[in-house]
Amino acid sequence: MTSTVSHHPPGPEPPPRSFGGPLLSRYQALVDGAGLTWATRVHRWREIGRGGQGVVFLGQKVGADGFALPVALKVFSPESYRDDRAYDDDMARVGATAGRVAVIQQDNLLDVFDFVSHDGIRVMGMEWVDGYDLRRVLTQGTLDASKERLSPAHWRYVSDVVLTAGPVQPRLKPGVAIQVLRDCLAALAALHREGLTHGDLKPANVMLKRTGAAKVIDIGSAMDLRSAAGRRAWSPAYAAPEVLDGGPVTPTADLASLGYVLVEMLA
């Protein structure tokens with residue numbers, strides 16, 4: 001995943017955290033375990049992503065009479081926090097924000113359906129998106145694999161309309177890039193109307209579904225516009241200048257990040 005940095009509000013430097021605490025041990029045991037079952041009947045999982053906030057797994061939510069639903073589970077790591085209380089305080093913010101996102105139900109914004117504490121470690125339950133993140137799409141490997149697997153006629157269509165070679169990495173054709181942009185703008189507009197900012201928009205946080213629609217994912221860094229308190233995380237390559245200077249993440253900063261993503265898609 002793209003490198004993400006965290007920012008704490010100005011103040012005295014916290015003492016260095018001990019990385020051998022019981023909370024971190026419980027997190028590691030949870031991440032290393034072969035499976036997990038709790039009240040929501042989620043199990044049979046495998047790792048599908050890893051970043052600065054923790055690990056994301058593909059799981060299965062099991063119901064009655066053979067019902068099974070693939071879900072994404074984000075396990076939040078306590079490793080970067082100065083102590084267990086700081087982790088709990090920030091998870092309270094993340095959980096409250098996740099609850100607000102869960103009721104938005106906008107088609108281009110990731111659906112959140114659960115936020116639980118498993119032996120003190122927070123786990124967010126989200127929809128599993130069948131597709132690829134934009135970071136992976138814009139790689140030479142994806143371009144080469146597409147050319148290898150598609151028929152010559154289909155490959156010509158893809159190269160002319162969807163994805164083509166670029167000077168450094170593959171790029172999307174303008175029509176497709178603008179459609180991705182429109183979907184992301186719709187997701188951000190829904191967040192901003194509810195007084196929230198995404199805070200970490202980048203190619204890895206834009207999923208392209210097999211249907212062609214784009215979804216903005218990873219709301220773990222989302223912030224309430226009314227409060228500047230708490231940790232903030234962003235990816236330096238896609239952060240607005242004012243954010244890099246320590247300023248707040250505003251809707252304008254989200255739009256700047258999306259603008260950088262658009263440039264990357266096209267160039």
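Threonine 164 makes a convenient starting point for this predicted model, and its place is in strand 8, which covers residues 163–164. With a relative accessibility of 13%, threonine 164 falls under the 20% limit and therefore counts as buried. Once the neighbours within four places in sequence are set aside, the contacts of threonine 164 are with Leu143, Ser159, Pro170, Arg171 and Lys173.

Leucine 110 offers a second local view. This residue sits in the loop that runs between helix 2 (84–102) and strand 5 (112–118). Leucine 110 has a relative accessible area of 5%, again under the 20% limit, so it is buried. Residues up to four places away in sequence aside, leucine 110 touches Val101, Met126, Glu127, Val129, Val216, Ile217 and Asp218. Another residue to look for is alanine 187: although 77 residues separate it from leucine 110 along the chain, the C-alpha atoms of the two are 8.8 Å apart.

Two of the residues touched by leucine 110, Met126 and Glu127, lead to strand 6, which spans residues 121–127. How much of this strand is covered? Seven of the seven residues of strand 6 are buried. Strand 6 pairs with strand 4 (residues 68–76) in the antiparallel sense, over five bridges. Within strand 6, glutamate 127 is the residue that stands opposite valine 71. Strand 6 also pairs with strand 5, once more in the antiparallel sense, here over six bridges. Here phenylalanine 115 has methionine 124 of strand 6 as its bridge partner. Strand 5 and strand 6 form a hairpin with two residues between the strands, and in this hairpin aspartate 119 adopts a positive phi near 55°. As a general guide for viewing such elements, side chains in a regular strand alternate between the two faces of the sheet.

The search for enclosed space gave a simple result: the structure holds one cavity of 30 Å³ or more. The volume of the largest cavity is about 60 Å³. Which residues lie nearest its centre? Among the 13 residues that line the largest cavity, these are Gly199, Trp234, Tyr238, Ala239 and Ser257. Helix 8 (residues 251–266) supplies three residues, the largest share of this lining. By residue type, the lining of the largest cavity is made up of eight nonpolar, three polar and two charged residues.

Technical notes
Residues are numbered from 1 along each chain as its sequence is written. This is a predicted model: local features need pLDDT of at least 70, side-chain atom pairs count only at pLDDT 80 or more; totals for chains, interfaces and linings use all residues. Side-chain values use heavy atoms; hydrogens and water are left out. Helices (H or I, at least four residues) and strands (E, at least two) are DSSP runs, numbered from the N terminus. Buried means under 20% relative accessible area, exposed over 50%, partly exposed in between (1.4 Å probe, protein chains only). Contact means heavy atoms within 4.5 Å. On a 1 Å grid over the protein atoms alone, a cavity is a set of points where a 1.4 Å probe fits but cannot get out, and a pocket is an open set with protein on both sides within 12 Å along at least five of seven lines; lining residues have an atom within 4 Å of a point. Grid points are joined across faces, edges and corners, and a volume is the space filled by probe spheres set on the points. Ala, Val, Leu, Ile, Met, Phe, Trp, Tyr, Cys and Pro count as nonpolar, Asp, Glu, Lys and Arg as charged, and the others, Gly among them, as polar. Two strands pair if DSSP finds at least two bridges between them.
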